[in-house]
Amino acid sequence: MEVVILPGSKQIGSLAADAIEALLRRKADAVLGLATGSSPLPVYDELARRHEQAGLDFSRAHGFALDEYVGLEPGHPQSYREVIRREFTDRVNIDPENVHSPDGSAADIEAACEAYEEAIKAAGGVDLQLLGVGTDGHIGFNEPGSSLVSRTRIKSLIEQTRRDNARFFNSIHDVPHHVLTQGLGTIMDARHVILIATGAQKAQAVRDFIEGPVAAICAASVLQMHPHATVLVDEAAASSLRLADYYRHTYDNKPGWQGL
Ligand code: GLP
């Protein structure tokens, strides 16, 4: 796992966008794993800017969302399908037909989860997965206790996550209890994973998943087993890391040809 400590969101957005741009330049039909939440927004802003100003081309790219609420009516502004559309895919030239999300309004939830796994496979697997992390260490919506080899399935949200996400709704009562999420096994299949965490409220989760044991109680810790995981954090989110100086030294002296 590579940990990169950067001054702020702008630098994080730009470095993650560099990795996505490099991927698209060597593989125009790359499959991007798309996360919601506020953490990836600087990346989407930077990609939209590069599309607009430098013609970065997404016309052959594919996108797969990480997760979705269950039970929001189609088109609900806080459904992750809509959020991804608004924050990212509508701002670049990706074909809407190539952007997928788990179907949280399906009558047969199990079949919808299976179909989602199949669709990812049929697209050739995720090349680069963007992730945020919850204050309880969740990635996607894999709450504490999630199987480390889980696939796309329904999960119940922990109260803290509903509280954290209430800011996007009128009140906590409107935040669904159930969600569909790619499993930890699904996320681990992505060829490269970039997790972004900013702000002091993430410091404990960041320390737990980077430097604590690999354990289902902290779902993101499974990334310690990923062959190519990059963690981009700002100073506040990095403030509890024991080996912060080592991560800084390593990144500052990294061979330029290596990229992320
Ligand atoms: C939600 C999403 C996660 C995201 C998390 C953190 O729970 N399901 O994918 O990582 O929020 O969000 P934020 O980046 O806004 O802190």
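This is a short walk through the sheets, the largest pocket and the largest cavity of the structure above.

Okay, hi everyone. Before anything else, keep in mind that this is a predicted model.

Let's start with the sheets. One of them is open and has 7 strands, in the order S1-S10-S9-S6-S2-S3-S5, and the pairing is parallel. Who sits at the edges there? That would be S1, residues 2–6, and S5, residues 99–100; each has a single partner strand, so one side of each has no neighbour in the sheet. S1 is still mostly covered, mind you, with 4 of its 5 residues buried. Its partner is S10, residues 229–234, and the two run parallel, joined by 5 bridges. If you want a spot to click on, take Val3, which stands opposite Val231 in S10.

Further into that strand order you find S6 next to S2. Those two pair in the parallel sense over 2 bridges, and Leu32 stands opposite Leu128 in S6. Hold on to that pair, please, as both residues come back when we get to the cavity.

Now the other sheet. This one is open too, with 3 strands in the order S4-S8-S7, and here the pairing is antiparallel. The edges are S4, residues 67–69, and S7, residues 153–156; each has just a single partner strand, so one side of each is left without a neighbour in the sheet. On average, neighbouring strands in this sheet are turned by 30 degrees against each other, ignoring direction.

Let me stay on S7 for a second. It is joined to S8, residues 178–181, by 4 bridges, and the two run antiparallel. Lys155 has Val179 as its bridge partner in S8, while Ser156 has His178. Which way do the side chains of S7 point? They alternate: Arg153 and Lys155 go to one face and are buried, whereas Ile154 and Ser156 go to the other and are not. Yes, you heard that right, the buried ones are Arg153 and Lys155.

Right, on to the empty space. The largest pocket holds about 550 Å³. Its lining is made of 31 residues, and nearest the centre you have Thr36, Gly37, Ser38, Asn165 and Arg167. By type, that lining splits into 10 nonpolar, 15 polar and 6 charged residues. Which helices supply at least two residues of it? H2 at 41–54, H3 at 80–87 and H5 at 159–165. H3 gives the most, with 4 residues.

As for H3 itself, its buried residues are Tyr80, Glu82, Val83 and Ile84. Covering them you have, among others, S2, H2, S3 (62–65), S4, S5 and H5.

I'd like to zoom in on Thr36, from that group nearest the pocket centre. You find it in the loop between S2, which is 31–34, and H2. Is Thr36 buried or exposed? Its relative accessibility is 14%, under the 20% cut-off, so Thr36 counts as buried. Leaving out residues up to four places away in sequence, Thr36 touches Asp67, Tyr80, Val83 and Ile84. Three of those names, Tyr80, Val83 and Ile84, were on the buried list for H3 just now. Across the chain, Ile194 is 158 residues away from Thr36, and their C-alpha atoms are separated by 13 Å.

Last stop, the cavity. How many of 30 Å³ or more does a search of the whole structure find? Just 1, and the space in it is about 30 Å³. The lining is Ile20, Leu32, Gly33, Leu34, Tyr44, Leu47, Phe88, Leu128 and Leu130. S2, H2 and S6, the last being 128–131, are the elements that give two or more residues to that lining, and S2 gives the most, with 3. In terms of type, we have 8 nonpolar residues, 1 polar and no charged ones. Set that beside the pocket lining, where 6 are charged.

And there are Leu32 and Leu128 again, both in the cavity lining and standing opposite each other on S2 and S6. That's my tour, thanks for listening.

Note on methods. Residues numbered from 1 in each chain as written. Predicted model: local features only at pLDDT ≥ 70, side-chain atom pairs only at ≥ 80, totals over all residues. Heavy atoms only, no water. Pairing = 2+ DSSP bridges. Axes fitted to C-alpha atoms, helices over the stretch in contact; angles between N-to-C directions. 1 Å grid on protein atoms, 1.4 Å probe; cavity = no way out; pocket = protein on both sides within 12 Å on 5 of 7 lines; lining within 4 Å. Points joined across faces, edges and corners; volume = space filled by probe spheres on them. Nonpolar A, V, L, I, M, F, W, Y, C, P; charged D, E, K, R; others polar. Buried < 20%, exposed > 50% of the residue type's maximum accessible area, 1.4 Å probe, protein only. Contact = heavy atoms within 4.5 Å.
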